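Please take a moment with the sequence and the model shown below before reading on. The paragraphs that follow lead from ring pairs to a pocket and then to a few single residues.

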Amino acid sequence: MWFRNLQVFRLASGWSATPESLAESLARTGFKPCSALQRQAQGWVPPRGNPDELVYVQAQQMMLALGVEQKILPTSVIRQYAQERAREIEDAQGFKPGRAQQREIYDGVEAELLPRAFVKRRLTYVWIDPVGGWLVVDAASSGKADEVIEQLKETLGELPLKLLKTLQAPGTAMTTWLSLGEAPGAFSIDQDCELRAPGDAGGSVRYTRHPLETAELNQHIGRGKVAGKLALTWNDRISFVLTEQLQIKRLAFLDVLKEQAEQAGEGGDMFEADFAIMAGELRGLLTALTEALGGEAE
């Protein structure tokens, strides 16, 4: 349940959905498996498996989960079977099928194969903090986050939401921190980073589990390279990689937090303990990171 990647959004002041009204809306677009001829289906599922709980709520913090089911049927497989079918028809009628007939053959083969295709399922979790004004999607790519946001918009009709923007660009801030050899506040620099030259043809330098020597980095920065990614630790509690797009990846809650969760959940509900600690820590991390990047841009 611990989030691994963060796509961070800001809730506008117009957000007024209560857990009850939100659950009612989610129920109207709940998850249903793919039909025989569907390639993909998606909808809301209970985040911790309780069929009557589409919105998990604790101390005004909410969690949702989007379920997605996809049929695995590559185009190359359909084409292969369609070509075999086209050859059989050619032998029977004495001439090659025309373009329209080939299209019919392709569609017919796809309709035959889809019900027998393998099915892949995945869940994408969403944390909503109405008090702090955060909505965070646990997704490694912006595409997966957009999938969730579009489903939320379809479910709610409107969604007062925007991407988090800061006064200082993350790439500029990370480059400065590397040149100084330290990050502000409770942040510390770890041993992974990526520096790249501007432009599509520019080169890049990556450090992985390598001491980040300021003198060496400043040589690259002096040649015009800027930081695209930087591994950081916040408050000795959470480590992560910050990107120039203000995405947070490879999020890891350190042992001290996992131990707290285990103690809090001992003899009780581990999901509840994990979520309480995760939500509190993420709120602190996002607030501190926004301040480190110069504050939030209007």
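Are Y56 and F275 buried or exposed? Both Y56 and F275 are buried, and since the model in which they sit is a predicted one, this statement, like the others here, is computed from predicted atoms.

The structure holds 4 aromatic pairs. In one of them, the rings of W2 and F253 have centres 4.9 Å apart and planes at an angle of 50°, so this pair is classed as tilted. W2 belongs to the segment before β1 (7–11), while F253 belongs to strand β12 (residues 248–253), so the pair ties together parts of the chain that are 251 residues apart in sequence. W2 is buried, because its relative accessible area is 17% and the cut-off for a buried residue is under 20%. F253 is also buried, with a relative accessible area of 6%.

A further aromatic pair is made by Y56 and F275, and here the arrangement is edge-to-face, with 5.3 Å from centre to centre and 80° between the planes. This pair, too, links distant parts of the chain, for Y56 lies in strand β3 (residues 56–58) and F275 in helix α8 (residues 270–292), 219 residues apart. The two rings do not stand alone, since ring pairs link Y56, F271 and F275 into a cluster. Another kind of ring contact involves a charged side chain: R10 lies over the face of W134, at 3.8 Å from the ring centre.

From the rings we can turn to empty space. Rolling a probe the size of a water molecule over the atoms shows where such space is left. The largest pocket holds about 230 Å³ of space. It is lined by 15 residues, and those closest to its centre are L163, L164, K165, Q245 and L246. Two elements, β1 and α4 (142–156), give two or more residues to the lining of this largest pocket. Sorted by class, the lining of the largest pocket consists of 8 nonpolar, 5 polar and 2 charged residues.

Some single residues also repay a careful look, and E69 is one to begin with. E69 is placed in strand β4 (residues 61–72), and it counts as buried because its relative accessibility is 2%. A polar atom of the E69 side chain lies 2.6 Å from the backbone nitrogen of C34.

The backbone offers other details to follow in the model. N235, in the loop between β10 (226–234) and β11 (238–243), has a phi near 60°, which is a positive value in a residue other than glycine. N235 is partly exposed, with a relative accessible area of 40%. R250 likewise is not a glycine and yet has a positive phi, of about 50°, but R250 is found in strand β12, the strand that also contains F253. R250 counts as exposed because its relative accessibility is 53%, whereas F253 is buried.

A last distance gives a sense of how far apart two points of the chain can lie. G284 lies in helix α8, the helix that also holds F275, and at 23% relative accessibility G284 counts as partly exposed. The C-alpha atom of G284 is separated by 50 Å from that of L113, and the two residues are 171 residues apart along the chain.

Terms used
Residues numbered from 1 in each chain as written. Predicted model: local features only at pLDDT ≥ 70, side-chain atom pairs only at ≥ 80, totals over all residues. Heavy atoms only, no water. Phe/Tyr/Trp six-rings, centres within 6.5 Å; stacked < 30°, edge-to-face > 60°. Helix = DSSP H or I, 4+ residues; strand = E, 2+ residues; numbered from the N terminus. Buried < 20%, exposed > 50% of the residue type's maximum accessible area, 1.4 Å probe, protein only. Lys NZ or Arg CZ within 6 Å of the ring centre and 35° of its normal. 1 Å grid on protein atoms, 1.4 Å probe; cavity = no way out; pocket = protein on both sides within 12 Å on 5 of 7 lines; lining within 4 Å. Points joined across faces, edges and corners; volume = space filled by probe spheres on them. Nonpolar A, V, L, I, M, F, W, Y, C, P; charged D, E, K, R; others polar. Polar contact = N/O pair within 3.5 Å; in protein donor to acceptor, adjacent residues only side chain to side chain.
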